[in-house]
Amino acid sequence: MALAAATTLLGGAMYANANAASVTPDPSTSASPTTPGSTSPTNPGSTSPSTPASASAPVPTGTAGTGSSASDVVDAANTFLKTLDDDQQAAVLLDFTQANATAWSNEACGADCRVGIELSTLSDTQLAAAEAVVEAATGTGTDTGYDQISEILAADDVLGETDSSYGSGNYYLAFLGAPSTSGTWQLHFGGDQLAVNLTYKDGEVVGTTPYFAGVEPATWTDDDGTTYAPLSGMHDGMESMLEGLSDDELSEAKLSDSTTDVVLGPDEDGAFPDTKEGLAVSELTDDQQQLVLDAITPWVEAADDTTAASTLSTYESELDDTYISYSGTTALDTAGDYVRIDGPGVWIEFSVKDGVVDTSQLNYSSVYRDHDTDYGGEFSFS
């Protein structure tokens, strides 16, 4: 599928250069973000940075993430930087500030609401290197991690066939702080249906949220007859969790007000409700609690496998202080259906809406946050 660009690099680079990071690369790696190996920064290798990529962004071929270590992610990031010229590096390498970290959205607003370099401006070689960074940093599961991310971008290309403001080429990649196994930095990637924010500190993942995942159409079939549904695992896990409740438990879990979209989407950082609503998971049987944990899993597995397992273990230990709630129907198949999981750490929302581009289709929106470790816990929101 062809990349469709809604905005030019000029707009993104102007924003990015104003926030460019004054950083140095990880001395343990061979690549330098300011001096890409032995290649000239204005002519890195045989690639032309001014030539848009003709290759498509990640396609849904069942490709999983590599589940790599933080050092492997740093290596992939520095390999990507080696392919860029000076201006492109300035667009990618930014300061790890609150303004840059929170510059993500679920709107098709291009560089007006995002930082980084736009995928559509990259050459084939540069695009492949950018994809390798995201693949190294994310999970290896089916319909989770890199597999899910590639399907979400492919769904955006489906929308782009109707509306050019959508498409996988309109996604942005930035490194907030220099990729390194010492110090703190963030992998920042996304577009209108995705926001990946992975924060690293001294070679460890210290934050995997916010993670926004949406899709429109919710399901589609390609020319080869293969059907895709990138958020099916999230949808089905939430549906099974609700189906496992008794009528009395459903009554307790039901919110008094309807909710037509995610509550803690972009620009709602730190706005967690003071009081948890719904049904306490501590009141549920072991089997029902397992359904809650199963529902949480697809979001947690957006990160690399080791981090995902550790995070899930933490959320399992906090289940007794976790609450579930919903509005609309439990089938999650009608606009206005909504479900939430809110614990000491975990916060997950899943919302069903009518399509934006094609109103005959459903649009799924979801957001995963952590009360303590959003953006690695680097910022205080009031």
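How many bridges join β12 to strand β13 (residues 346–354)? Five bridges do the job, and the two strands run antiparallel. Keep in mind that this is a predicted model.

**Around β12**

Let's stay with β12, which spans residues 338–342. The link to β13 is a hairpin, with three residues between the two strands. On its other pairing, β12 meets strand β11 (residues 323–327), again in the antiparallel sense and over five bridges. Here are the two pairings of β12, each with one bridge partner or facing residue picked out:

| Partner strand | Sense | Bridges | Residue pair |
|---|---|---|---|
| β11 (residues 323–327) | antiparallel | five bridges | I324 opposite I341 |
| β13 (residues 346–354) | antiparallel | five bridges | F350 with V339 |

Is β12 mostly covered or mostly open? Mostly covered: five of its five residues are buried. The side chains split between two directions, with Y338, R340 and D342 pointing one way and V339 and I341 the other way. Both sets are buried, so the charged-residue names R340 and D342 sit in the same list of buried residues as V339 and I341.

**A negative patch**

Now for the surface. D247, D248, E252 and E283 form a negative patch there. One of them, D247, belongs to helix α8, which covers residues 247–253. Why does D247 count as exposed? Its relative accessibility is 66%, and exposed means over 50%.

Key: Residues are numbered from 1 along each chain as its sequence is written. This is a predicted model: local features need pLDDT of at least 70, side-chain atom pairs count only at pLDDT 80 or more; totals for chains, interfaces and linings use all residues. Side-chain values use heavy atoms; hydrogens and water are left out. Patches are made of residues with over 30% relative accessible area and no salt bridge: like charges are joined within 9 Å, nonpolar side chains (Val, Leu, Ile, Met, Phe, Trp, Tyr) within 5 Å. Accessible areas come from the Shrake-Rupley method with a 1.4 Å probe; for residues, only the protein chains shown count as cover. A salt bridge is a side-chain nitrogen of Lys or Arg within 4 Å of a carboxyl oxygen of Asp or Glu. Lys and Arg count as positive and Asp and Glu as negative; His and the chain ends are not counted. The place of a charge is taken as NZ of Lys, CZ of Arg, CG of Asp or CD of Glu. Helices (H or I, at least four residues) and strands (E, at least two) are DSSP runs, numbered from the N terminus. Buried means under 20% relative accessible area, exposed over 50%, partly exposed in between (1.4 Å probe, protein chains only). Two strands pair if DSSP finds at least two bridges between them.
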